[in-house]
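Trainee: Please pick one part of this model and take me through it closely, explaining each term as you go. I would like to see how that part relates to its surroundings.

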Amino acid sequence: MEGIDGMGIRAAVAGASGYAGGELLRILAGHPEFEIGALTAGANAGTELGALQPHLRPLADRVLAETTPEALSGHDVVFLALPHGRSGPLAEQLGDDVLVVDCGADFRLHDAADWEGFYGSPHAGTWPYGLPELPGRREELRGTRRIAVPGCYPTVATLALFPAFAAGLVEPDVVVVAASGTSGAGKSPKTHLLGSEVMGSASAYGVGGVHRHTPEITQNLGAVAGEPVTVSFTPTLVPMSRGILATCTAKVGPGVDAAAVRRAYESAFDGEPFVWLLPEGRWPATAMTLGSNAALVQVVLDERAGRLVAVAAIDNLTKGTAGGAVQSANLALGLPEDLGLTTIGVSP
Ligand SMILES: NC(=O)C1=CN([C@@H]2O[C@H](COP(=O)(O)OP(=O)(O)OC[C@H]3O[C@@H](n4cnc5c(N)ncnc54)[C@H](OP(=O)(O)O)[C@@H]3O)[C@@H](O)[C@H]2O)C=CC1
Ligand SMILES: CC(=O)N[C@@H](CCC(=O)OP(=O)(O)O)C(=O)O
């Protein structure tokens, strides 16, 4: 595909000084079709990128602009990696022909009451949801000019559980407990993320159905189940920088056996470029996904408890944000879905 100037596809990144913006730039810098255009930020506008993201040496001397519609105009693709609530007003001022990929939450939820209840502001709307593996979504993403990139926890929990609903194996009542690295919270300072609070300690937060990713997971699984699904979601914070490991369980219906569970997951992920159902007996670990767009999944039937147990790992900044964003953008632009992305992690 050619960009607007007959050259490469010109992409702007808003929020280039943040974690998600930095990961987008790491991927875009190695993508064969994208040319990196404007880079914008908030308080850091006017600073050279190299002072903030020294791992991105080829872009080190690029100066961050203020995040305005004017700075973002003249691009084929605009990636927004801004705090929640910022994308809605900005997107309205970007042309309908521009592909806008929002890494924030503004356009993920269908239900305005859910949005207002969990985010406390007016609902901006709903865009095609950037999780191509979810039944029906890949088709919706092809050719679209607006993409809502899923949250990191919803990405991993949905991939872990949707095959069980697609095959009608489980009751519509699930428990998700997920451990995240601290980069999931972004770069700006937060008291509970001080090194002395996080190092050497694991802790729960957002407990009791109050985390804003609960309605997103509920929405995704309900759409596959074809009925409302109750989700009990507990996030936890662990002393690592990147990665999420989600442990997800649900009661199985009568007569469901281990072979049916395995078959359902094999069939759901057959041909998926980024989701790998691990060989039986091998369990996902976050380190295996570091810097890769892979989601590793394992599933088993706990016969004594009558529950399906699915465990999945992703890198929250790659498959959980920037990699997922580029995967969906590739689809929207008619490029090969895996272009510029890797499933190769780092080990140990
Ligand atoms: N971290 C993760 O794992 C995930 C993040 N996301 C989403 O991606 C988005 C960015 O998150 P993340 O990178 O982690 O956050 P960071 O705090 O690391 O980065 C936020 C970015 O937004 C910019 N910014 C902040 N306020 C403003 C403003 N008022 N106007 C313009 N720009 C502003 C910051 O610029 P400056 O440096 O100048 O302040 C920075 O570039 C969020 O919506 C987040 O929910 C989604 C999935 C996972
Ligand atoms: C560890 C940590 O704090 N994680 C973040 C999740 C970040 C994420 O996925 O992003 P969105 O904000 O885009 O929804 C949290 O719990 O708020």
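Mentor: Two strands are said to pair if DSSP finds at least two bridges between them, and the strands themselves (E, at least two residues), like the helices (H or I, at least four residues), are DSSP runs numbered from the N terminus. Residues are numbered from 1 along each chain as its sequence is written, while chains are lettered from A and ligands numbered from 1 in the order in which they are written. Please keep in mind that this is a predicted model, in which local features need pLDDT of at least 70 and side-chain atom pairs count only at pLDDT 80 or more, whereas totals for chains, interfaces and linings use all residues.

The part I would choose is the open sheet of 7 strands, which follow one another in the order S8-S9-S7-S10-S13-S12-S11 with mixed pairing. At its edges stand strand S8 (203-204) and strand S11 (275-277), each of which has a single partner strand, so one side of each is left without a neighbour in the sheet. The S8 edge is joined to S9 by 2 bridges, the two strands running antiparallel, and within that pairing Ser-203 has Leu-237 of S9 as its bridge partner.

Further into the sheet, strand S10 (residues 244-252) has 7 buried residues out of 9, and is thus mostly covered; here a residue is called buried if 20 or more other C-beta atoms lie within 10 Å of its own, exposed if 12 or fewer do, and partly exposed in between, with C-beta atoms placed from the backbone. S10 runs antiparallel to strand S7 (residues 170-180), to which 8 bridges join it, and Ile-244 of S10 is the bridge partner of Ser-180. S10 also pairs with strand S13 (residues 307-314), again in the antiparallel sense and over 8 bridges, and there Leu-245 has Ala-313 as its bridge partner in S13.

Strand S12 (residues 295-302) includes Asp-302, and this residue counts as exposed because it has 12 C-beta neighbours inside 10 Å. Contact is taken to mean that the C-beta atoms of two residues, placed from the backbone, lie within 7 Å. Leaving aside neighbours within four places in sequence, Asp-302 is in contact with Arg-307 and Val-309. Its C-alpha atom is 29 Å from that of Ser-201, which is 101 residues away along the chain.

The sheet strands also lead us to the largest nonpolar core, a nonpolar core being a set of buried Ala, Val, Leu, Ile, Met, Phe, Trp, Tyr and Cys residues joined through C-beta atoms within 7 Å. This core has 99 residues, and those that touch the most other members are Phe-79, Val-156, Ala-160, Leu-161, Ala-246, Val-297 and Ala-312. Helix H7 (residues 152-166) supplies its largest share, 10 residues. Because domain 1 (9-149 + 320-332) and domain 2 (153-316) both give residues to this core, it lies between them; the domain bounds come from an automatic or database domain assignment. Not counting residues up to four places away in sequence, Ala-312 touches Val-156, Leu-159, Ala-160, Ala-246, Pro-284, Ala-295, Leu-296 and Val-297.

The C-alpha centres of the two domains are 24 Å apart, and their contact takes 18 residues from domain 1 and 23 residues from domain 2. On the domain 1 side, helix H5 (112-119) and H11 are the elements that give two or more residues, with H11 giving the most, 5 residues.

Finally, consider the ligands, where a residue is near a molecule or strand if its C-beta atom, placed from the backbone, lies within 6 Å of it. Around ligand 2 we find residues that include Ser-180 and Leu-237, both of which appeared above as bridge partners. H7 and strand S9 (230-237) are the elements that give two or more residues to this shell. The shell divides into 6 nonpolar, 5 polar and no charged residues, where Ala, Val, Leu, Ile, Met, Phe, Trp, Tyr, Cys and Pro count as nonpolar, Asp, Glu, Lys and Arg as charged, and the others, Gly among them, as polar. Ligand 1 has 31 residues around it, of which Gly-18, Gly-42, Asn-44, Gly-104 and Gly-186 come nearest, and its shell draws at least three residues from each of domain 1 and domain 2.
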